[in-house]
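Trainee: Please give me a close look at a single part of this model. I want the salt bridges and their setting.

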Amino acid sequence: MTVTISANGLLEIPAIFREADAIQPGQRWEIERIGKGAYQLRVAADEAKPKRRLVDVLLDCPVKGWLAEPDRSELTTLAPPALFAE
């Protein structure tokens, strides 16, 4: 695939590659000159590992089924109670 370097010296990675590798705007990369006209791009070492979200950590918990849905049969409404009476 052929790409063009912009007047500012920027190289655009084609969308098909960005989508396949989940490349995000602002992500840091390392570039290495291998030889005349040959370069290698790599995701920076601190960016290589995907950031874990809290929900991912909770889903990885080895103990499953410990959270039980509260009994809502006695509730007349699902709205939270008013904090102050008017």
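Mentor: What follows starts with the basis and the overall frame, then turns to the part you asked for.

The model is predicted: local features need pLDDT of at least 70, side-chain atom pairs count only at pLDDT 80 or more, and totals for chains, interfaces and linings use all residues. Residues are numbered from 1 along each chain as its sequence is written, and side-chain values use heavy atoms, with hydrogens and water left out.

Confidence comes next. pLDDT is the predictor's confidence in each residue, from 0 to 100. Its mean over the protein is 80, and 86% of the residues reach 70 or more. Strand E1 has the highest mean, 91, while helix H2 (residues 45-48) has the lowest, 66.

Now the frame. The protein has 3 helices and 2 strands (DSSP runs of H or I with at least four residues, and of E with at least two, numbered from the N terminus). Their order along the sequence is α-β-β-α-α. Of the 86 residues, 5% are buried (buried is under 20% relative accessible area, exposed over 50%, partly exposed in between, with a 1.4 Å probe and protein chains only). The protein exposes about 8,600 Å², and 59% of that comes from carbon and sulfur atoms (Shrake-Rupley areas, 1.4 Å probe; for residues, only the protein chains shown count as cover). Take contacts between residues at least 6 apart in sequence: 2% of them join residues at least 24 apart (a contact is heavy atoms within 4.5 Å).

The strands set the scene. E1 and E2 (residues 38-43) run antiparallel and are joined by 6 bridges (two strands pair if DSSP finds at least two bridges between them). They form a hairpin with 2 residues between them. Gly-37 sits in the turn, with a positive phi of about 80°. Trp-29 stands opposite Val-43 in E2. Glu-32 stands opposite Gln-40 in E2.

Now your salt bridges. Side chains of opposite charge can pair when their charged atoms come close. The whole structure holds 3 salt bridges (a side-chain nitrogen of Lys or Arg within 4 Å of a carboxyl oxygen of Asp or Glu). Start with Arg-42 and Glu-30: their closest N and O atoms are 3.8 Å apart. Arg-42 is in E2 and Glu-30 in E1, so this pair ties together parts 12 residues apart in sequence. Neither end is buried: Arg-42 is partly exposed at 34% relative accessibility, and Glu-30 is partly exposed at 33%.

Arg-42 also meets Glu-32, at 3.1 Å from N to O. Glu-32 lies in E1 and Arg-42 in E2, so this pair ties together parts 10 residues apart in sequence. Glu-32 is partly exposed too, with a relative accessible area of 34%. Shared partners join Glu-30, Glu-32 and Arg-42 into one network.

Glu-12 and Arg-18 also form a salt bridge, with closest N and O atoms 3.6 Å apart. Glu-12 counts as exposed, at 56% relative accessibility. Arg-18 counts as partly exposed, at 30%.

The strands also feed a nonpolar surface patch of about 1,100 Å² (residues with over 30% relative accessible area and no salt bridge; nonpolar side chains, Val, Leu, Ile, Met, Phe, Trp or Tyr, are joined within 5 Å, and like charges within 9 Å). Its members are Met-1, Val-3, Ile-5, Leu-11, Ile-16, Phe-17, Trp-29, Ile-31, Tyr-39 and Leu-41. H1, E1 and E2 each supply at least two of them. Phe-17 belongs to helix H1 and is partly exposed at 41%. In a regular strand the side chains alternate between the two faces of the sheet.

One backbone detail remains. Ala-22 lies in the loop between helix H1 (15-20) and strand E1 (29-35). Its phi is near 55°, a positive value in a residue other than glycine. Most residues other than glycine have a negative phi. Ala-22 counts as partly exposed, at 49% relative accessibility.
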